[in-house]
Each structure stands twice: as C-alpha cells, then as structure tokens.
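Please study the sequence and the three-dimensional model shown below before attempting the exercises. Each task is followed by a worked solution.

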Amino acid sequence: MATSKKTTHKTERLRTVSLSGKRHESFFEAVYAVVRQIPKGRVTSYGAIANCLGIKLSARMVGWAMNAAHDPKLKVPAHRVVNRNGLLTGKFHFATETRMEELLKKEGVRVEDDKVVDFAEKFWDPARAED
DNA sequence: CCCATGACCACAA
DNA sequence: ATTGTGGCCATGG
C-alpha cells in the first residue's frame with residue numbers, strides 16, 4: 001500500500017478533537033480541561049489524560065500541552081500531572097526544581113526521591129471519576 | 001519537504 | 001529490574 005504519509009492529515013485531526021462527544025477548539029484546551037478537574041491532593045498521569053481524550057493522540061502531546069500551560073491565567077495545576085511511574089518528570093520545567101514537589105506536599109501528597117508516595121492511592125483517573 | 005526534539009508509554013530482550 | 005526500540009502528534013529549523 002501507499003507509504004505516503006501526509007502531514008496535513010494530522011493537523012486536520014487536531015482541530016477537531018473528539019473527547020467524550022464534546023468538540024473542543026484545540027487539543028490544548030481539552031487537556032487543560034481535564035487537568036483542571038484533578039482534585040486537590042490527587043495526581044494523574046500524562047497517559048491517563050491522553051487516554052481520556054481518546055488515545056488516538058499521545059501522552060507526549062499532553063506534556064507538550066503543559067509546556068504551553070505556564071500561563072497562570074489558564075489555571076492549570078500542572079504539578080498534579082506526573083508520569084505513569086509517579087515520577088515528577090516535569091519538575092525541571094517549573095520555576096524552580098523543587099517547586100512541583102513543594103506544591104504537592106502542600107496538598108498532602110508525599111513525595112520521596114522525586115516520586116509520589118502511594119501513587120496508586122493518590123492517582124486520579126480522569127476517565128473514571130470525571131465529575 | 002525532511003529532520004530533530006519533546007514534562008510519554010508499551011513492549012521485547 | 002534495566003536497556004533499547006517503535007509509536008504517537010505537534011512544532012521549529
């Protein structure tokens with residue numbers, strides 16, 4: 001079969017992201033919407049968010065979206081998003097190295113060695129308890 | 001248009 | 001358990 005991959009196809013898909021039957025203006029907004037719903041004292045993973053959006057995308061893009069979420073106006077608690085390992089992989093992208101960890105600790109999330117303690121308990125699945 | 005990178009994830013050895 | 005590779009989509013040079 002044809003091995004021609006058209007980049008135009010991808011861009012088109014991004015414009016209309018179908019998540020839970022709702023159409024968002026952009027992929028980023030969709031991600032923000034999910035992250036904002038993460039309860040205080042809980043965390044989730046990039047993959048879980050991507051999964052909630054319809055898996056078609058990729059966990060990488062979720063992280064990329066966070067990269068653009070630095071605007072405080074967006075009110076995106078990026079510190080509650082860690083990787084599937086419970087590791088604070090994005091801590092280096094915050095104002096300071098310890099900022100993410102401190103924010104989590106303030107919410108009652110214990111962090112040890114850049115990793116969320118009792119990650120399984122603190123984990124919040126957006127596709128499961130999306131309220 | 002081709003190439004390289006990225007706050008990831010899953011699988012194979 | 002650790003390491004390597006592929007896939008995923010977007011963005012920038």
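The exercises below concern a predicted model.

**Exercise 1. Describe the secondary structure of chain A and state what share of its residues is buried.**

Solution.
- Step 1. Count the elements: chain A contains six helices and six strands.
- Step 2. Read them along the sequence, which gives the pattern α-β-β-α-β-α-α-β-α-β-β-α.
- Step 3. Turn to burial: of the 131 residues of chain A, 31% count as buried.
- Step 4. Consider the contacts with a separation of 6 or more: 59% of them in chain A join residues 24 or more positions apart.

**Exercise 2. Determine which elements supply the largest nonpolar core and which of them gives the most.**

Solution.
- Step 1. Establish the core itself: the largest one has 30 residues, and Val31, Val35, Ile49, Val62 and Ala65 have the most contacts inside it.
- Step 2. Assign the core to elements: H2 (27–36), H3 (46–53), H4 (59–67), strand S4 (81–82) and H5 (99–106) each provide at least two of its residues.
- Step 3. Compare the contributions: H2 gives the most, with seven residues.
- Step 4. Examine H2: its buried residues are Phe27, Phe28, Ala30, Val31, Tyr32, Val34 and Val35. Since seven of the ten residues of H2 are buried, this helix is largely enclosed by the rest of the structure.
- Step 5. Relate this to a general tendency: in soluble globular proteins, nonpolar side chains tend to be buried together.

**Exercise 3. Decide whether H3 and H4 are roughly parallel or roughly perpendicular to each other.**

Solution.
- Step 1. Take the geometry: the axes of H3 and H4 come within 8 Å and cross at roughly 105°.
- Step 2. Apply the cut-off: angles of 65 to 115 degrees count as roughly perpendicular. H3 and H4 are therefore roughly perpendicular to each other.
- Step 3. List the contact: H3 contributes Tyr46, Gly47, Ile49 and Ala50, while H4 contributes Ala59, Val62 and Gly63.
- Step 4. Classify these residues: five are nonpolar, two are polar and none is charged.
- Step 5. Follow one residue: Val62 touches Val31, Tyr46, Ile49 and Ala50, leaving aside residues up to four places away in sequence.

**Exercise 4. Characterise the surface near DNA strand B.**

Solution.
- Step 1. Identify the nearest residues: of the 19 around DNA strand B, these are Gly47, Gly63, Arg84, Thr89 and Gly90.
- Step 2. Find the helices involved: H3 and H4 each supply at least two residues of this surface, and the largest share, seven residues, comes from H4.
- Step 3. Divide the surface by class: eight residues are nonpolar, nine polar and two charged.

Technical notes: Residues numbered from 1 in each chain as written. Chains lettered and ligands numbered in written order. Predicted model: local features only at pLDDT ≥ 70, side-chain atom pairs only at ≥ 80, totals over all residues. Core = buried A, V, L, I, M, F, W, Y, C linked by C-beta atoms within 7 Å. Buried ≥ 20, exposed ≤ 12 C-beta atoms within 10 Å, placed from the backbone. Helix = DSSP H or I, 4+ residues; strand = E, 2+ residues; numbered from the N terminus. Contact = placed C-beta atoms within 7 Å. Near = placed C-beta within 6 Å. Nonpolar A, V, L, I, M, F, W, Y, C, P; charged D, E, K, R; others polar. Axes fitted to C-alpha atoms, helices over the stretch in contact; angles between N-to-C directions. Parallel < 35°, antiparallel > 145°, perpendicular 65-115°, else oblique.
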